[in-house]
Amino acid sequence: MKRINFSRLSRRQVLELSGLSGLGLLLNSCGSTFFEDKVNKIFEPLNQSVETLLFNPEKPVPEFPASAIQEEALLVNTFDLTPQIDPETYRLTIDGAVNHPIQLSLTDLKNMPFTSMTIRHVCVEGWAAIVQWGGVRLRDLVAMVQPKSHVRYVYFKSADGYYESWDLASALHPQTLMVYQKNGQPLPVENGAPLRLASPIKLGYKQSKWVTQITLVNQLFPRKGYWEDQGYEWFAGL
Ligand SMILES: Nc1nc2c(c(=O)[nH]1)N[C@H]1C(S)=C(S)[C@@H](COP(=O)(O)O)O[C@H]1N2
Ligand SMILES: [Mo]
């Protein structure tokens with residue numbers, strides 16, 4: 001994995017990221033509900049605390065060389081209409097159980113540290129493709145909003161009505177990215193422009209396209225995800 005453009009991080013952003021150091025003080029004091037405890041038991045050991053996961057990133061999955069990219073193999077898989085989003089007015093909202101909810105423009109996102117990865121995308125329908133994705137780490141976005149201690153899951157809302165939920169550990173994996181680039185080019189609209197999820201640790205249907213809102217929550221809602229609510233597995237790990 002390659003990280004560049006560190007110098008483009010503003011002083012304010014660096015301060016915001018480092019503001020996490022005070023997080024530990026706020027944590028583990030609030031009582032959790034019976035339901036939450038039950039859910040946490042079921043999904044253990046997924047439910048490590050947000051601060052543990054932010055400060056101790058999991059090991060990366062091996063990546064592929066650029067020569068392995070399979071340009072034609074990534075099939076467009078969209079359940080309904082393709083939303084057309086104006087990149088100028090687009091805003092990504094990050095909210096929920098956080099101390100500092102934010103709205104980011106595409107320019108804000110492009111000014112954050114850039115990460116590129118070449119990984120395999122696997123669709124449950126029986127096809128796969130090696131793809132290069134470029135964008136920002138979701139963990140950097142989560143760090144910016146300063147999550148509360150009881151955050152355990154992350155919801156993603158898409159402009160086409162798609163929705164998804166992820167466990168926190170997978171969302172904070174160093175190769176879980178919000179991307180605006182595919183195979184070295186600006187992300188095409190059919191693949192989720194202006195911004196989509198990409199990660200080598202989850203099946204294709206977990207990787208929401210056209211993401212407009214990321215919400216950090218302490219428990220799963222009855223609606224877990226577009227395909228999950230029709231019987232597909234929720235965790236969908238690779
Ligand atoms: N918003 C949204 N995201 C989505 C989907 C969708 O229909 N809508 N399909 C999912 C499925 S099943 C797969 S395999 C991948 C496909 O991504 P691609 O169309 O860029 O190949 O997107 C996922 N993300
Ligand atoms: Mo898929």
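**Entry 1: ligand 1 and its polar contacts**

I started at R196, where an N or O atom of the side chain sits 2.6 Å from an oxygen atom of ligand 1. I then noted how much of the ligand the protein covers: 98% of the 530 Å² of accessible area that ligand 1 has on its own. A reminder to myself: this is a predicted model.

Next I looked up L75. Here the backbone makes the contact, with an N or O atom 2.5 Å from an oxygen atom of ligand 1. For S158 I turned back to the side chain, and found a polar atom 3.4 Å from a nitrogen atom of ligand 1.

**Entry 2: the shell**

Which residues come nearest to ligand 1? I counted 20 residues around the ligand, and the nearest are L75, F79, N191, R196 and K209. By class, I sorted the shell into nine nonpolar, eight polar and three charged residues. I also checked the pockets, and the space that ligand 1 takes up is the largest pocket.

**Entry 3: a second look at S158**

I placed S158 in strand β6. Is S158 buried or exposed? I put S158 down as buried, because its relative accessibility is 5% and the cut-off for buried is under 20%. I also followed its side chain to the backbone oxygen of K209, which it reaches at 2.8 Å. So that I keep the two together: S158 has a polar side-chain atom 3.4 Å from a nitrogen atom of ligand 1, and K209 is among the residues that come nearest to the ligand.

**Entry 4: backbone oddities**

Where is the cis peptide bond that I wanted to look up? I found it joining A193 and P194, with omega about 10°. P194 belongs to the loop between β9 (185–186) and β10 (196–198).

Then I went through positive phi values outside glycine. Q146 has phi near 55°, and I found this residue in the loop between α6 (138–145) and β6 (153–158). N183 also caught my eye, with a positive phi of about 50° although it is not a glycine. Its place is the loop between β8 (177–182) and β9.

How accessible are these two loop residues? I listed Q146 as partly exposed because its relative accessible area is 22%, while partly exposed starts where buried, under 20%, ends. N183 went into my notes as buried, because its relative accessibility is 13%.

Conventions
Residues numbered from 1 in each chain as written. Chains lettered and ligands numbered in written order. Predicted model: local features only at pLDDT ≥ 70, side-chain atom pairs only at ≥ 80, totals over all residues. Heavy atoms only, no water. Near = heavy atom within 4 Å. Polar contact = N/O pair within 3.5 Å; in protein donor to acceptor, adjacent residues only side chain to side chain. Areas by Shrake-Rupley, 256 points an atom, 1.4 Å probe, with all protein chains shown as cover. 1 Å grid on protein atoms, 1.4 Å probe; cavity = no way out; pocket = protein on both sides within 12 Å on 5 of 7 lines; lining within 4 Å. Sits in = over half its atoms within 2 Å of the grid points. Nonpolar A, V, L, I, M, F, W, Y, C, P; charged D, E, K, R; others polar. Helix = DSSP H or I, 4+ residues; strand = E, 2+ residues; numbered from the N terminus. Buried < 20%, exposed > 50% of the residue type's maximum accessible area, 1.4 Å probe, protein only.
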